[in-house]
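Visitor: I should like to learn how to read a model of this kind. Could you take me through its sheets and its ligand site?

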Amino acid sequence: MGAPNIADIDNVGRFYSLVSRSGDRKTVIVGHHNPDGDCIGCLTGMEAWIESAFGKTGIMIVPDSFPDYLKFMHNTGDILVYSRQKDKVCEAILGADLIICMDFNNLSRTEGMGDLIAASKAPKVLIDHHPSPEPFADLVFSETEVSSASELTWWILMAMPDVSVPFQTKTSLYTGMMTDTNNFCNTVYPSTFLMASQIAEAGVDRERIQMEIMNSFSEDRMRLMGQMLLCNMKMYPELKAAVLILDKKTKDRFNYRDGDSEGFVNLPLKIKEVEISALFTEVDGFIKVSLRSKGAVSVNRLCRQYFNGGGHERASGGRLYMPVDEVADYFEKCLREFLQA
Ligand code: 5GP
Ligand code: MN
């Protein structure tokens, strides 16, 4: 099997020339709110490639902070975090002559930065794997039949006239793909294995990546997981659903840190009868919603309809604005209505 035909060759040529013409520290690479492994993977992978291919640096920006276990990737210490470095981020976006948006389909996913990005005159490139992207970019690589934005980035780089890809990029993109597929469980395509095999052949340290991602949790996080499963999980057998509630009190009890609840929403799906799982997390100002499905139910539609968000068919997210003790009943009511429609 050869490389999948997912990165249009003319667009790849346009992308190459945009990056090659952009100045040093003038290419801004933007990720989404609550940055995950795919987001940090493709940002750092892209930046490392720009450095190695053109001898100049790009500026990586995310809306808010990301978990410690992603910090082993290339130059993560240089990533600007909008929520605490607003001035630097504004300066970078205002000075940009190219903006690369990665792993999101809607500028609202960049929080307060969305207006700044929309107002910029710099050409914008979108590299994303979510359905129905908002039309804000001048050059769009949007493909839902790939595992991750990191995988899509890999195929774009593979279609470049100069296919030399640095080691850090391979490590980052492999990590992004591995985390977005939940370690090769979900949305894995033949092209995903091909990418993995090409990167493995190049000698990337998969054991280290595995260790950093899967076996680097704190004791508090493990005990929090136990608490969530034992006491904070509610079952709805009739709806084939389960709900996990992570409220502030529980967070405080286990010294919650960013990323500690990563993967929790997948846990109830391990129960044979459960087809839809929800994790509601109390944060400042709203309830963060995470939905997963292992059957035919589209949580993308469910999320768009009732939870102010969206995402993929089997993995989506959104927000609720109500007290945390009301969300389980709201979920039950909405899911019942959704399934009956
Ligand atoms: P997670 O549950 O891991 O936060 O998000 C799962 C998926 O839903 C991701 O692919 C993410 O892009 C999408 N998603 C998460 N939160 C939101 C949101 O607030 N709005 C939209 N449109 N999508 C979201
Ligand atoms: Mn992704």
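Guide: We shall go through the two sheets, then the ligand site, and finally one loop residue. Please keep in mind that this is a predicted model.

Visitor: Let us begin with the sheet that contains β1. In what order do its strands lie, and with what pairing?

Guide: The order of strands in a sheet is read across the sheet rather than along the chain. Here six strands form an open sheet in the order β3-β2-β1-β4-β5-β6, and the pairing is parallel. The edges are taken by β3 (80-81) and β6 (139-142), each of which pairs on one side only. At the β3 end, two bridges connect this strand in parallel fashion to β2 (residues 59-62). I61 has L80 of β3 as its bridge partner.

Visitor: Which strands does helix α5 touch?

Guide: Helix α5, residues 149-158, packs on this sheet and touches β4 (98-102), β5 (124-128) and β6. The direction of α5 makes about 115° with that of β5.

Visitor: How is the sheet that contains β7 ordered?

Guide: This open sheet also has its strands listed across the sheet: β7-β8-β9-β10-β12-β11, six strands with mixed pairing. Strands β7 (233-236) and β11 are at the edges with a single partner strand each, so each has one side without a neighbour in the sheet.

Visitor: How many bridges link β9 and β10, and in which sense do these strands pair, parallel or antiparallel?

Guide: Strand β9, residues 276-283, is antiparallel to β10, with eight bridges between them. One pair to locate is L279 and its bridge partner in β10, S290. On its other pairing, β10 meets β12 through six antiparallel bridges, where I287 is partnered by L320 of β12.

Visitor: What joins β11 to β12?

Guide: A hairpin of three residues makes the connection. These two strands pair in the antiparallel sense through two bridges, and G310 stands opposite G317 in β12.

Visitor: Which helices should I look for against this sheet?

Guide: Consider α9 and α11. Helix α9 (residues 219-231) lies across β7, β8 (241-246) and β9, at about 130° to β8. Helix α11 (residues 299-306) packs on the sheet in contact with β9, β10, β11 and β12, and its direction makes about 15° with that of β12.

Visitor: Now to the ligand. How many residues surround ligand 1, and which are the closest?

Guide: A ligand site may be read first as a shell of residues and then through individual atom pairs. The shell of ligand 1 has 13 residues, the closest being H130, K288, S290, R292 and G317. By class, nine residues of this shell are polar, three are charged and one is nonpolar.

Visitor: Which strands supply at least two residues each to that shell?

Guide: They are β10 (286-293), β11 (310-311) and β12 (315-320). The largest share, four residues, belongs to β12.

Visitor: What do the atom pairs show?

Guide: Three side chains place polar atoms beside oxygen atoms of ligand 1. For S290, the distance from a polar side-chain atom to a ligand oxygen is 2.4 Å. For H130, a side-chain N or O atom is 2.9 Å from an oxygen atom of the ligand, and for R109 the corresponding distance is 3.2 Å. Ligand 1 taken alone exposes 500 Å², of which the protein buries 77%.

Visitor: Where does H312 lie, and which residues does it contact beyond its neighbours within four places in sequence?

Guide: H312 lies in the loop between β11 and β12. Its contacts, apart from those neighbours, are H129, H130, P131, V299 and N300. With H130, H312 makes a polar contact between side chains at 3.1 Å. N300 is twelve residues from H312 along the chain, and their C-alpha atoms are 5.3 Å apart. H130 thus links two parts of this reading: its side chain has a polar contact with H312, and it is among the closest residues to ligand 1.

Methods
Residues are numbered from 1 along each chain as its sequence is written. Chains are lettered from A and ligands numbered from 1 in the order in which they are written. This is a predicted model: local features need pLDDT of at least 70, side-chain atom pairs count only at pLDDT 80 or more; totals for chains, interfaces and linings use all residues. Side-chain values use heavy atoms; hydrogens and water are left out. A residue is near a molecule or strand if one of its heavy atoms lies within 4 Å of it. A polar contact is a pair of N or O atoms within 3.5 Å; within protein, one must be able to donate a hydrogen and the other to accept it, and residues adjacent in sequence count only if both atoms are side-chain atoms. Accessible areas come from the Shrake-Rupley method with a 1.4 Å probe; for residues, only the protein chains shown count as cover. Ala, Val, Leu, Ile, Met, Phe, Trp, Tyr, Cys and Pro count as nonpolar, Asp, Glu, Lys and Arg as charged, and the others, Gly among them, as polar. Two strands pair if DSSP finds at least two bridges between them. Contact means heavy atoms within 4.5 Å. Axes are lines fitted to C-alpha atoms, for helices over the stretch in contact, and angles run from 0 to 180 degrees between N-to-C directions.
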